[in-house]
Amino acid sequence: MDSSGVKNIDEDLLVSRLTSHLTEGTRKVSFVTGSGISFGAIPNVDGIVEKMLAVLRRQEDQLLLKQAIRRQAGGEKYQSAAAALLKIRGQDALNKAIQLAVLEACTGLGNQQRATLAERGDSKALKKVEYDTGLWKLTSAVEHLGLLLRAVPAERRGPVITTNFDPLLEIAVRKAGAVANMQYLDFDGRIRHGEDENAVNIVHVHGYWREGDTLNTVGQLTTDRPELSDSLRSALRDHVVVVVGYSGWNDAFSRSLLERVRAKDHNGIDLIWCSFTDLAAAIRDAPLLSELQKTPRWTFFEEIDANRLFPRIHANYTEAVECPPGWTRVDQAMLDDTAAKEHSTADVELFFDGREPGWQEALDPRVPRLSVVTKLTGELHRCLNGDVRKRIVAAVGPMGEGKSIALLQTAVDLVRGREDVTVFWRERRSPIDVEAVLSVPERPGHRIVLVTDQGARFIEELRQLMLACESRGRDDILVLLAGQERDWRSRRGYQRLADHVRVVGNFGLQDADGELLVAAWEQLGVLGELAGTPRDRRASKLVSLSRALYGRQDSSLVGTMLQLRYGPLLRDHVCKLLDRMEEHPAVEGTSLAQCFLMIALLHVAYDRKRENSYPLTLRVLGRVVGLDEDYLVQDAVTDPLGIEAAVTQPDYGLWIRHQTIAEAALSISRERDPDELVGLSRRLVTAAIDLSRESDAFADDLHAAAYLARGLFRRDNKHLGLGTEAVAAARTAVEAAPRRLSFRTALMSTLRVTGNRDEALSVAEGTCGELESMSDPDSVITFVQEWGTSAGQTGKYGMNVLLDGVALHISRSMRAVVSGLLNMGVALTELHRGSHEPVFLDALCGVVGLVADKATPNIFSNQYDANTFLENHRDYIAGEGRQALTGSAAWEAVQASVNRLLPEAPGCLAPLLTKGSLSVLPPSEFR
């Protein structure tokens, strides 16, 4: 209905046609928009002219501009005002006026805040405001166009071409939960598409409000732009092009279109022109329309209000596809379209090299279906057939063991095998909205299967979904997912979903899987080093190696494939990989290869046995390279690395596809440029500490990067020779946060394990006098223990015992007490061995008795080391014909050894001693 209450037949016809194009058509639909869709949020001509006057502070200048637009209206008034302002103050003033006008839609800010932003003209500040979508007022047209663009799959969606300067379309797309790939052309240029195939491409052909210059005058807008014209022709070829809110006057788009008309070169475009006025008035305002009337495949719809049109189309489209936001419907047509696309042998080989799989891999017969697909399919059909009450089937296992490809292949088989099931695939970066899922109408005799990778992220949402389904009587919704075992356990997936989930685990290769993989490699000619193995032994060799590697820190499947296919040539493979990365565009001055190396540093530093150990995350990497949004890091870094089969992003963090690749890359970097990894380590540490200050907390990913030194030179990594990098990382942490004691301790530890023990002692002695000024006093015990260990390893055993005595007295856990006693026992042994004084042997007997009494299974992450220390101490006292002391006698013996050493205590220990005395007794609950 229009405003007068009279039904607009043209609008009904248009809604029907566009809904049909979007839901049933095979051609992409592209929108061309102008100021008509943003009017009501962005000022009209008179409002923008007022902004132009506002940037002219002198009355004489304002009078000059008013004289230039005297007796003019509409577009002519706007262009004349822009031309006058350009002459009076130049392009910067014109850009400022546009920013003032655009900021009118930013209703979440006050007038003064908007004026200040425009006055400064700081692109980063304007971008930050733009990305806060809650600040902006959107017209109904823009808001629902954003929702529509979010809902329409990428394969049916062409670029949006707009003559507007404002960011409202981008804001609407982000608000709808999608990614907007913005491009602006403030002179000539070609339309490009972002690397993210799912992003909504929006092209501002007259410039953008916070970047470059905006085109406003007749001269600017009518200048020939041959590159833009050619790329428009290419970008819109064979599209359905819908023009809404655009007057069609003589600018870049209309001139390009007119050229095609006059040349009778229609480029396969179906043109749908929507006018707010009737046809006669539209032709009067835009002579182009009279030319278009003579062409085929052109349809004119009159008196179309965009604020009514887009809400109706969005509603019709949503109803037609029954697909909740954030999900893609996987049907036979979609699979057929995907299967028809070229998928080369090189693409399949990259999958076997470790690239994350997609639908093309799942559909390619050259990629075998391993036994886990059969397991998942069987469990899923049991749930669908009602054989079991549970309605979630979860593939849970270690990273890189084939869960993702199995999930995709199972979904393909489900679509092809059952007509009573609708499959929805969760799109990347999309949350699971319980209400949105439940809004999909129930159909008798029909089931919905939601399929999601990285499912461990959504345990709570899935629990809520299952509970809501039970309370509302919805038994038609099932879930198929894959999740990382580490995250699944840490988020208590087994417990929280116990009533709803059937878990398919144990992803080790079966004998039949080995035969399938070897056959696939033989067909592709990518056996590599495995070709040297007799044919009848290849599969068994593959399976045996995979089983030997299964359950270790990295993927057994990827590791086995790399080892057998490349063998000693893996290093050459990684060299070529790094060289290809250098060919990619730099990310804010950081090469893609350097981003890869930073991910590799955190990968090799990761220790699954240690708390706070974590891989590199998007936010830390983003801070290093200067990108403040996760999706920007994904677009610029992780997506290109994923294409190169270099990096994966499972339920948590960023990982190199395998440890062997990470190690080879780091080794190659050190050979090519010995300083590169040092610089990257410093940048990672600095970024993590900066982020921790902003959040006032050390989350696991920040902790892992800030304490990078601990992981780089841990015992398992000493063969990598990253001591220089570890020391640099530790020094950087101290420089960035000099009052944090734990960073001093980490530096001491790193210096000690890298052979710089005297320097470690020097750091300790210098720190001791500053303890009262440290920001983390709870870290004193680990500082003292590390100092004691460093002293002992430099032969200062008496100092070692005294420092362990201090640590015992301030211990706050049984683990700390046992650790302190064991460390003290090492120094006591050396003291007795060198002096034969009974007091030290007595104390060691006390240590053995106390540790044996207090140490419980699993008190240490490395129980083997603790047991080894204890056995060494027992063997020593037994060799001296002694037995362990227990109870108070044991503590008295330990205290006696400390008292013996106190007169010899060096002056640097004075801040830790009370008037020259020291009690070793810990709090009573730990004695």
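In this predicted model, helix α41 passes helix α44 in a left-handed crossing. The two helices, α41 spanning residues 814-835 and α44 spanning residues 887-901, pack at an angle of about 55°, and their axes lie 12 Å apart. At that angle, α41 and α44 are therefore oblique to each other. On the α41 side, the contact is made by V817, L821, M824, L828 and L831, while α44 contributes W891, V894, S897, V898 and L901. Sorted by class, this contact between α41 and α44 comprises 9 nonpolar residues and 1 polar residue, with no charged residues. The spacing of such contact positions is easy to follow on a helical model: an α-helix has 3.6 residues a turn, so residues three or four places apart point the same way.

A second helix worth a visit is α9, which covers residues 168-175 and is mostly covered itself, with 7 of its 8 residues buried. The buried residues of α9 are L168, L169, E170, I171, A172, V173 and R174, a list in which the charged residues E170 and R174 appear alongside nonpolar ones. Just after α9, the backbone at G177 adopts a positive phi of about 100°.

Burial is also found in a loop. V205 sits in the loop that links β4 (200-204) to α10 (218-222). With a relative accessibility of 1%, V205 counts as buried, because the cut-off for that class is under 20%. Leaving aside residues up to four places away in sequence, V205 touches I161, T162, T163, L185, L215, R225 and L228. One of these partners, L228, is 23 residues from V205 in sequence, and the C-alpha atoms of the two are 8.2 Å apart in space.

These local views can be set against the chain as a whole. The protein chain contains 44 helices and 15 strands, and its C-alpha trace spans about 115 × 80 × 55 Å along the principal axes. Of its 927 residues, 56% count as buried. Among contacts in the chain with a separation of 6 or more, 76% come from residues 24 or more positions apart. The accessible surface of the protein chain amounts to about 39200 Å², and carbon and sulfur atoms account for 48% of that surface.

Methods: Residues numbered from 1 in each chain as written. Predicted model: local features only at pLDDT ≥ 70, side-chain atom pairs only at ≥ 80, totals over all residues. Heavy atoms only, no water. Axes fitted to C-alpha atoms, helices over the stretch in contact; angles between N-to-C directions. Helix = DSSP H or I, 4+ residues; strand = E, 2+ residues; numbered from the N terminus. Parallel < 35°, antiparallel > 145°, perpendicular 65-115°, else oblique. Left-handed = near helix turned anticlockwise from the far one by under 90°. Contact = heavy atoms within 4.5 Å. Buried < 20%, exposed > 50% of the residue type's maximum accessible area, 1.4 Å probe, protein only. Areas by Shrake-Rupley, 256 points an atom, 1.4 Å probe, with all protein chains shown as cover.
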